[in-house]
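Trainee: Hey, could you walk me through the aromatic rings in this one? I'm new to it.

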Amino acid sequence: MDTAFLISAFVTLFVVIDPIGLTPVFIALTPGMTAQQRRAIAIRATIIAAALLFLFAFLGEQVLGFIGISMPAFRIAGGILLFLTALDMLFERRTKRREDQADVDDAPDPSVFPIAIPLIAGPGAIASIILLAGQAEGAVGMASVLGVMVGVLMIVFLLFLSAPIIERALGKTGIVVVTRLLGMLLAALSVQFVLDGIRGFGLALGS
């Protein structure tokens, strides 16, 4: 398996899911809860998000084929979607939207909504896992992509467990700086998805 592809897959999923950016939202959704209660919510949210992403990794391309959408077209659309997500990260619109999504007064257990969906397994993460699964070569390639996805979700889970410590260590300024850097990386990766989609249509691009 191409090491460069695995690194790109990890960076893409890490930036799109944004575990560091999710951490303060998780804290805001679990005020006054004990460490045991927070752990239970983190476990449920991570498992539900993983199940959803596994589903799209295996069936996403078949669903696209059924409705007549080619992978190159989806790569271009997914790249544009990820680029818009990068712009939101760079200009802090993504954080504000996540806080709005998290503001649900009648949901005492936020593990399914909004933490698992749409904060972890949102449109960007679903589009990314379909794109990466489509690029994977054979069973080994698919297993590698799924392994990377599980690794990112484990980072999410561990950060949720250590959320109060990380929030104190980074502070609001630190979280903003990290989010901006991740936004720049995601913008570059999204452009690469678009270029790959254009090549998939057989259109030559100059080096």
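Mentor: Sure, let's go through the aromatic pairs and then a helix contact. Keep in mind that this is a predicted model.

Trainee: Okay, how many aromatic pairs are there?

Mentor: The count comes to two. In one of them, the ring centres of Phe10 and Phe14 are 5.8 Å apart and the planes are at 25°, so that pair is stacked, as the angle is under 30 degrees.

Trainee: Where do Phe10 and Phe14 sit along the chain?

Mentor: Both are in helix α1, residues 3-17. They are four residues apart there, so about one helical turn separates them.

Trainee: And is Phe14 buried or exposed?

Mentor: Phe14 is buried, with a relative accessible area of 16%. Phe10 counts as partly exposed, at 34%.

Trainee: What about the pair of Phe26 and Phe160?

Mentor: Those ring centres are 4.2 Å apart with the planes at 5°, so Phe26 and Phe160 are stacked. This pair links distant parts of the chain, 134 residues apart: Phe26 is in helix α2 (residues 19-29) and Phe160 in helix α8 (residues 138-161). Both residues are buried.

Trainee: Switching topic: at what angle do α2 and α8 pack?

Mentor: At about 35°, with their axes 9 Å apart. The crossing is right-handed.

Trainee: Which residues meet there?

Mentor: From α2 you have Pro19, Ile20, Leu22, Thr23 and Phe26, and from α8 Ile155, Val156, Leu159 and Phe160. The residues of that contact divide into eight nonpolar, one polar and no charged.

Methods
Residues are numbered from 1 along each chain as its sequence is written. This is a predicted model: local features need pLDDT of at least 70, side-chain atom pairs count only at pLDDT 80 or more; totals for chains, interfaces and linings use all residues. Side-chain values use heavy atoms; hydrogens and water are left out. Rings of Phe, Tyr and Trp (its six-membered ring) pair if their centres lie within 6.5 Å; planes under 30 degrees apart count as stacked, over 60 as edge-to-face and the rest as tilted. Helices (H or I, at least four residues) and strands (E, at least two) are DSSP runs, numbered from the N terminus. Buried means under 20% relative accessible area, exposed over 50%, partly exposed in between (1.4 Å probe, protein chains only). Axes are lines fitted to C-alpha atoms, for helices over the stretch in contact, and angles run from 0 to 180 degrees between N-to-C directions. A crossing is left-handed if the near helix is turned anticlockwise from the far one by less than a right angle, and right-handed if clockwise. Contact means heavy atoms within 4.5 Å. Ala, Val, Leu, Ile, Met, Phe, Trp, Tyr, Cys and Pro count as nonpolar, Asp, Glu, Lys and Arg as charged, and the others, Gly among them, as polar.
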